[in-house]
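Biologist: I have a model open and would like to learn how to read its features. Could you walk me through it?

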Amino acid sequence: MKSGMRNCLLVVLLAMALCAPARADTIINFDELPQYAPVTDQYQDLGVTFGTDAVDALVNIIVTNGSIAVSQPNILAAAFDMSDGVISFSFAPAVLSVSFTAVSVENGVTVEYFDDQGATSGTVGVGPTGDYFAQVEFSYTNPQLIGSVLITAEEMLGPDPFGIDDLSFVVPEPATLGLLVIGAIVIRRRRPRR
Ligand SMILES: [Ca+2]
Ligand SMILES: [Ca+2]
């Protein structure tokens, strides 16, 4: 293939990849589960499993609390732990972006994102808010894909548990991934041979 044609094909493929619609957000509000239900694989069909991540395996619970839930009545709250409150989950397949709201984070919260190989791809957090009703929105997008998330807040389960609500994520369309792979192959073939 001539160089000009390859350039043209590359531009077209990249444009198609950028314009291809990613699958609409999947949103989980935890509101259909009963009070204190352990949350593990109930949302596996939607592509997310709770209590697993690249670092640890933990069990979380659903807590009903009308005052701190973003969507009523439930939040996903950290299970009993004598030190930190920890919530973790993993995606299969890996996702392009993830967002959620952390609730009741008066002592601050840290969020660590891992790629689909289990390597840390980003860490963000907020310090103590001093507000028992504080809600903090987190949103993260990574072209390397996100395989799992680990959320830690410095508080144990109590009357106003740390938790998250309205978890949403975007899974890449297979067509988008295919175009990106084809684009990568074209780019590799364009490299001059030595
Ligand atoms: Ca909810
Ligand atoms: Ca709290």
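Biologist: Let me start with a pairing: in strand 8, which residue is the bridge partner of V111?

Modeller: Happy to help, and please keep in mind that this is a predicted model. The bridge partner of V111 is V124. That pair belongs to the ladder between strand 7 (residues 109-114) and strand 8 (residues 120-126), which run antiparallel and are joined by six bridges.

Biologist: What should I look at in the hairpin of strand 7 and strand 8?

Modeller: Look at the link and its backbone angles. Five residues lie between the two strands, and G118 takes a positive phi near 90°.

Biologist: Which strand pairs with strand 7 over six bridges in the antiparallel sense, besides strand 8?

Modeller: Strand 9 (residues 135-153) does, again antiparallel and over six bridges. For a position to find on screen, take E112, which stands opposite L150 in strand 9.

Biologist: How many helices and strands does the protein chain have?

Modeller: Two helices and ten strands. Along the sequence the pattern is α-β-β-β-β-β-β-β-β-β-β-α, so you can read the order of elements straight from it.

Biologist: And how do I read burial? Are the faces of strand 5 covered or open?

Modeller: The idea is to count C-beta neighbours: a residue with 20 or more within 10 Å is buried. In strand 5 (residues 74-77), N74 and L76 on one side and I75 and A77 on the other are all buried, which leaves both faces covered. Strand 5 also pairs with strand 10 (residues 163-170), antiparallel over two bridges, and A77 stands opposite G163 there. Across the protein chain, buried residues make up 29% of the 194 residues.

Biologist: Which residues have the most contacts inside the largest nonpolar core?

Modeller: They are I75, L76, V95, V149, I151 and I164, in a core of 37 residues. Strands 3, 5, 6, 7, 9 and 10 each give two or more residues to this core, and strand 6 gives the most, with ten.

Biologist: Is S99 buried, exposed or partly exposed, and why?

Modeller: S99, which lies in strand 6, counts as partly exposed because it has 16 C-beta neighbours inside 10 Å. Leaving out residues up to four places away in sequence, S99 touches E137, F138, S139 and S168.

Biologist: How far apart are S99 and V170 in sequence and in space?

Modeller: They are 71 residues apart in sequence and 9.3 Å apart in space, C-alpha to C-alpha. For the chain as a whole, take contacts between residues at least 6 apart in sequence: 75% of them join residues at least 24 apart.

Definitions and conventions
Residues are numbered from 1 along each chain as its sequence is written. Chains are lettered from A and ligands numbered from 1 in the order in which they are written. This is a predicted model: local features need pLDDT of at least 70, side-chain atom pairs count only at pLDDT 80 or more; totals for chains, interfaces and linings use all residues. A residue is buried if 20 or more other C-beta atoms lie within 10 Å of its own, exposed if 12 or fewer, and partly exposed in between; C-beta atoms are placed from the backbone. Helices (H or I, at least four residues) and strands (E, at least two) are DSSP runs, numbered from the N terminus. Two strands pair if DSSP finds at least two bridges between them. A nonpolar core is a set of buried Ala, Val, Leu, Ile, Met, Phe, Trp, Tyr and Cys residues joined through C-beta atoms within 7 Å. Two residues are in contact if their C-beta atoms, placed from the backbone, lie within 7 Å.
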